[in-house]
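Visitor: Hi, do you have a moment to go through a structure with me? I'd like to talk about charged pairs and backbone oddities.
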Amino acid sequence: MVEQTGSHLQGLLDTSQMRAKTTENKPYEVFLIGDTGNINRHKPDPVLETMKCHFDKKQHSAVVFLGDNVYPRGLPPKTNILYKDAEDALKAHYEALKDYHGKVLFISGNHDWNKGRKDGYEYILRQEKYLEKLFGSNVMQPSGGCPGPTEINVNPNVTMVLINTQWWLQPGFRPIGQGCGCRVESENEFFEHLIKILENNKDKRVIIAGHAPVYSYAIHGGRYKLSHHLFPFTVYHKKAYVPLPFIGSLLPIYRKYFGAKEDIAHPRYRQMRKRLIQIFKSHKGLIYAAGHEHNLQHINKDGNHYIVSGAGSKLKYVLQEGKNLKFGMKAKGFFKIRFETDGSAMLSAWVIDPVSEKGVMVYEQPLS
């Protein structure tokens, strides 16, 4: 059953899948863009405008927003001073895509859950309801703040699976079980459902999307540069040049080996990640797409592809070379995957450019 809560329980389809309207055996394109919560509120945003130039009404496609759709703290109550700006952020997403012919999907990130605070569940329900008012039902998945997984068969060759990684990291109340409108009753059952979906689609290309990366060559993955040790507060703000030599190394070291709750090294994050890696190793050729890091990355590990596309509105440091890192770049942009009818797929990375409306393709790689 597709996750819903409250009044959303009405009209549920008696099925474990979301079926796309279009199931023809045709090429399919997926645009992956995350961390767009800081886009321009009252004028066209350069990243979204660049992405729009790739839309073709003759081409079946989907846009997946990979979480952190509203900075700094999701959509608060109307009485909150941040409400108007947050509302304007969501409206800006709609204004950019209101004429888009394809499928639009949003995943939640830690900022959407009130930056991981204990009352984040209220924030994500509020955002989902607002997005449905703008885009229509089932636009945010997994819905109701549930963990997922949500399976979407877009055509005979491609299946998308959306998971709520923030559910695993979130303190306070987290919905689970049929009483909350969720399809799974436990953490273990989540993984069982995920395995079943992958086995049922073993002859198709599968793209799994969640906000938190499984692998990363950037800050949340424990990768820091020398300046972060000398000026540790630049990890949080690029202009916070407060020199703390020697002592300053404590912050990068702590986050690399112990982790804040949004870092890969954090115990809860590690638990989720370890299980996902175990499952993915048995299903070669799948694609896992995430945001969270404010950069662009393509990582090839154990026969699978890990994409980080969190450069929708903010930028942060990323390595450009690494053992399994095929591409890393600090530039505003997005990834696009084109799935052909023969099962092949082509990944490309596009960044904004002052000269070309379509941007510049900075990376292209077939996904085996």
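Visitor: Let's start with Glu-29: buried or exposed?
Guide: Happy to help, and keep in mind that this is a predicted model. Glu-29 is buried, with a relative accessible area of 9%.
Visitor: Which side chain does Glu-29 meet in a salt bridge?
Guide: Glu-29 pairs with Arg-338, at 3.1 Å from N to O. The pair links distant parts of the chain, 309 residues apart: Glu-29 sits in strand E2 (residues 28–33) and Arg-338 in strand E12 (residues 333–339).
Visitor: And what is the relative accessible area of Arg-338?
Guide: Arg-338 has 25%, which makes this residue partly exposed.
Visitor: Which residues are linked with Arg-338 in a network of salt bridges?
Guide: Glu-29 and Glu-340 are linked with Arg-338 in that network.
Visitor: How many salt bridges does the count come to?
Guide: The count comes to 9 salt bridges.
Visitor: OK, on to a helix. Which residue forms a salt bridge with Asp-88?
Guide: That is Lys-84, with the closest N and O atoms 3.0 Å apart. Both residues lie in helix H2 (residues 83–97), 4 residues apart, or about one turn of the helix.
Visitor: Why does Asp-88 count as buried?
Guide: Asp-88 counts as buried because its relative accessibility is 8%, and the cut-off for buried is under 20%. Its partner Lys-84 is partly exposed, at 47%.
Visitor: What about Arg-174, which partner does that side chain meet in a salt bridge?
Guide: Arg-174 meets Glu-187, at 3.6 Å from N to O. Here Arg-174 is in the loop between helix H4 (165–169) and helix H5 (187–200), while Glu-187 is in helix H5, 13 residues apart. Arg-174 counts as partly exposed at 23% relative accessibility, and Glu-187 counts as partly exposed at 23%.
Visitor: Switching to the backbone: which residues does a cis peptide bond join?
Guide: One such bond joins Tyr-71 and Pro-72, with omega about 5°. Pro-72 lies in the loop between strand E3 (60–65) and H2. Another joins Gln-141 and Pro-142, where omega is about -10°. Pro-142 is in the loop between helix H3 (120–135) and strand E5 (150–155).
Visitor: Last topic: what is phi of Asn-114 near?
Guide: Phi of Asn-114 is near 55°, a positive value in a residue other than glycine. Lys-115 also has a positive phi, about 55°, although not a glycine.
Visitor: Where does Asn-114 lie?
Guide: Asn-114 lies in the loop between strand E4 (103–106) and H3, and Lys-115 has its place in the loop between E4 and H3. Asn-114 is buried at 1% relative accessible area, whereas Lys-115 is partly exposed at 43%.

Conventions: Residues are numbered from 1 along each chain as its sequence is written. This is a predicted model: local features need pLDDT of at least 70, side-chain atom pairs count only at pLDDT 80 or more; totals for chains, interfaces and linings use all residues. Side-chain values use heavy atoms; hydrogens and water are left out. A salt bridge is a side-chain nitrogen of Lys or Arg within 4 Å of a carboxyl oxygen of Asp or Glu. Helices (H or I, at least four residues) and strands (E, at least two) are DSSP runs, numbered from the N terminus. Buried means under 20% relative accessible area, exposed over 50%, partly exposed in between (1.4 Å probe, protein chains only).
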